[in-house]
Amino acid sequence: QIFWICIKKTIEAELAVPVITGKKSEKDKFVGAVYTNTLESLMPDGKALQMGTSHFLGQNFSKPFDVKYLGENNVETFAWQTSWGVSWRLIGGMIMTHGDDRGLVLPPKIAPIQVVIIPIYYSKEEKEKVMEYALKARDELVGENVRVHLDDREHLTPGFKFNDWEMKGIPVRIEIGPKDIAKNQIVLARRHNQTKNNLEMMKTSLSVILEHVSDGIVTNKLPNYVKEELENIQKEMFDAAKKILDERIVRVSEYQQFKEQLDNGKMIDCSWCGNQTCEDKIKEETGADLRVIPSGNAKAETCIYCKNSGTTNALFAKGY
Ligand SMILES: [Zn+2]
């Protein structure tokens with residue numbers, strides 16, 4: 001159980017993909033398991049994606065395979081077993097959750113490159129100035145363990161480089177051009193929300209001027225500023241995905257609403273009597289699967305299908 005919580009935390013904190021945890025129904029549990037835990041996420045097209053499962057096998061496998069351990073009092077006991085699975089589909093789920101029409105959008109925590117620096121110059125003189133500044137910025141960021149790349153490819157235009165790194169989903173782009181240097185500024189662009197702004201810089205050091213106050217200025221060193229920015233981006237990406245997930249889950253009590261909301265790409269929260277017959281009928285008539293019986297379940301009403309008293313709440317959606 002603890003390990004399971006760790007997986008949920010990892011998916012949410014690192015991949016910035018919100019998940020719903022709970023159990024699979026008897027029909028969908030791992031064959032032979034006592035029960036199956038699942039982590040479900042909802043993709044932008046309204047289909048659910050199972051992000052990982054774990055199975056409690058009890059002694060169902062240790063008995064036929066004769067797996068024993070020596071317990072207290074030297075008594076041989078059949079082993080209690082679990083089975084875990086998370087795989088590449090996590091990466092697929094992350095890509096689908098955050099990606100947009102321009103390409104990949106990577107959460108900073110897992111981005112192999114977190115910041116790309118694009119020097120902008122059109123002459124040899126400009127190049128010298130800009131590269132000196134860009135190299136200094138890169139070195140300071142490297143010194144503070146920011147994963148940074150300076151794109152100094154000669155044969156490509158800045159515009160091409162912008163698009164190239166946008167497609168690859170790099171969270172932050174820093175643009176440095178001769179006009180910026182003349183104005184003591186650099187440009188910082190964020191991939192996830194396509195915003196960018198000018199950072200006013202100190203003349204003498206790579207520090208960002210945050211504000212001008214009556215008796216001077218408030219500054220932050222560039223690496224610190226960038227690190228805070230990366231943390232904000234990570235949080236904003238998760239919050240945005242969580243908001244979409246929460247808005248997509250709709251509570252219904254009538255089967256007609258169930259069908260309508262499913263067609264709207266929603267994940268349906270409803271009560272269910274626990275019988276596989278109802279689960280099968282719903283699947284047959286709507287295409288929706290019982291994805292997860294959420295943990296921390298509220299009190300159930302009557303079954304969405306047969307109207308008998310519900311034993312549990314369950315989330316239904318179409319899957320891949
Ligand atoms: Zn029912």
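**Group meeting: domains, an interface and some charged pairs**

The centres of domain 1 and domain 2 are 41 Å apart, taken over C-alpha atoms. Contact between them involves 8 residues from domain 1 and 4 residues from domain 2. Keep in mind that this is a predicted model.

Some layout. The chain has domain 1 at 2–98, domain 2 at 115–241 and domain 3 at 248–317. I'll stay with the first interface for a moment.

How much area do domain 1 and domain 2 bury between them? About 480 Å². Of that, 70% is on carbon and sulfur atoms. On the domain 1 side, Ala16, Pro18 and His98 lose the most area to domain 2. Together they make up 67% of what that side buries.

Now the polar side of this interface. How many salt bridges cross it? The rule finds 0 between domain 1 and domain 2. Polar contacts do turn up: 2 residue pairs, with both residues at pLDDT 80 or more.

Which elements of domain 1 build that side? Helices α1 (2–14) and α3 (89–98) each supply at least two residues to the side that touches domain 2. α1 gives the most, with 3 residues. By class, this side of domain 1 holds 4 nonpolar, 2 polar and 2 charged residues.

Next, one residue, Phe238. Phe238 lies in helix α7. Is Phe238 buried or exposed? Phe238 is buried, because its relative accessible area is 18% and the cut-off for buried is under 20%. What does Phe238 touch, leaving aside neighbours within four places in sequence? Glu12, Ala16, Val17 and Pro18. Recall that Ala16 and Pro18 are among the residues that lose the most area to domain 2. For a sense of distance, take Phe238 and Gly52. They are 186 residues apart in sequence, and their C-alpha atoms are 18 Å apart in space.

Stay on α7 for a charged pair. Lys235 and Asp239 form a side-chain salt bridge, 2.7 Å from N to O. The two sit 4 residues apart in helix α7, which spans residues 222–248, so about one helical turn separates them. In general, an α-helix has 3.6 residues a turn, so residues three or four places apart point the same way. Lys235 is exposed, at 53% relative accessibility. Asp239 is partly exposed, with a relative accessible area of 36%.

Salt bridges that share partners also build a network. Which residues are in it? Lys24, Glu40, Lys283, Asp289 and Arg291 are joined into one network. Across the whole structure, the search finds 29 salt bridges.

Let me open up one pair from that network. The side chains of Glu40 and Lys24 meet in a salt bridge, at 3.0 Å from N to O. Where do the partners lie? Glu40 is in strand β2, residues 35–42, and Lys24 is in the loop between β1 (20–23) and β2. The pair therefore ties together parts that are 16 residues apart in sequence. Both Glu40 and Lys24 are buried.

On to domain 2 and helix α5, residues 158–167. Its buried residues are Pro158, Lys161, Phe162, Asp164, Trp165 and Glu166. What do they pack against? Three strands: β7 (115–119), β8 (148–150) and β9 (172–176). Just after α5, Gly169 takes a positive phi of about 80°.

One of those buried residues, Asp164, has a charged partner. Lys168 forms a salt bridge with Asp164, and the closest N and O atoms are 3.4 Å apart. Asp164 is buried, with a relative accessible area of 11%. Lys168 is partly exposed, at 37%.

Last stop, Glu175. Glu175 is found in strand β9. With 5% relative accessibility, Glu175 counts as buried. Its side chain makes a polar contact of 2.8 Å with that of Arg173. What else does Glu175 touch, not counting residues up to four places away in sequence? The list is Ile118, Ile120, Phe162, Asp180, Ile186, Val187, Ala189 and Lys196. Phe162 is also one of the buried residues of α5, and those residues pack against β9.

To recap. Domain 1 and domain 2 bury about 480 Å² between them, with 0 salt bridges across their interface. In α7, Phe238 is in contact with Ala16 and Pro18, among others. In β9, Glu175 is buried and in polar contact with Arg173. That's it from me.

Note on methods
Residues are numbered from 1 along each chain as its sequence is written. Side-chain values use heavy atoms; hydrogens and water are left out. Domain bounds come from an automatic or database domain assignment. Contact means heavy atoms within 4.5 Å. Buried area is the accessible area (1.4 Å probe) that two parts lose on being put together, summed over both. A salt bridge is a side-chain nitrogen of Lys or Arg within 4 Å of a carboxyl oxygen of Asp or Glu. A polar contact is a pair of N or O atoms within 3.5 Å; within protein, one must be able to donate a hydrogen and the other to accept it, and residues adjacent in sequence count only if both atoms are side-chain atoms. Ala, Val, Leu, Ile, Met, Phe, Trp, Tyr, Cys and Pro count as nonpolar, Asp, Glu, Lys and Arg as charged, and the others, Gly among them, as polar. Buried means under 20% relative accessible area, exposed over 50%, partly exposed in between (1.4 Å probe, protein chains only).
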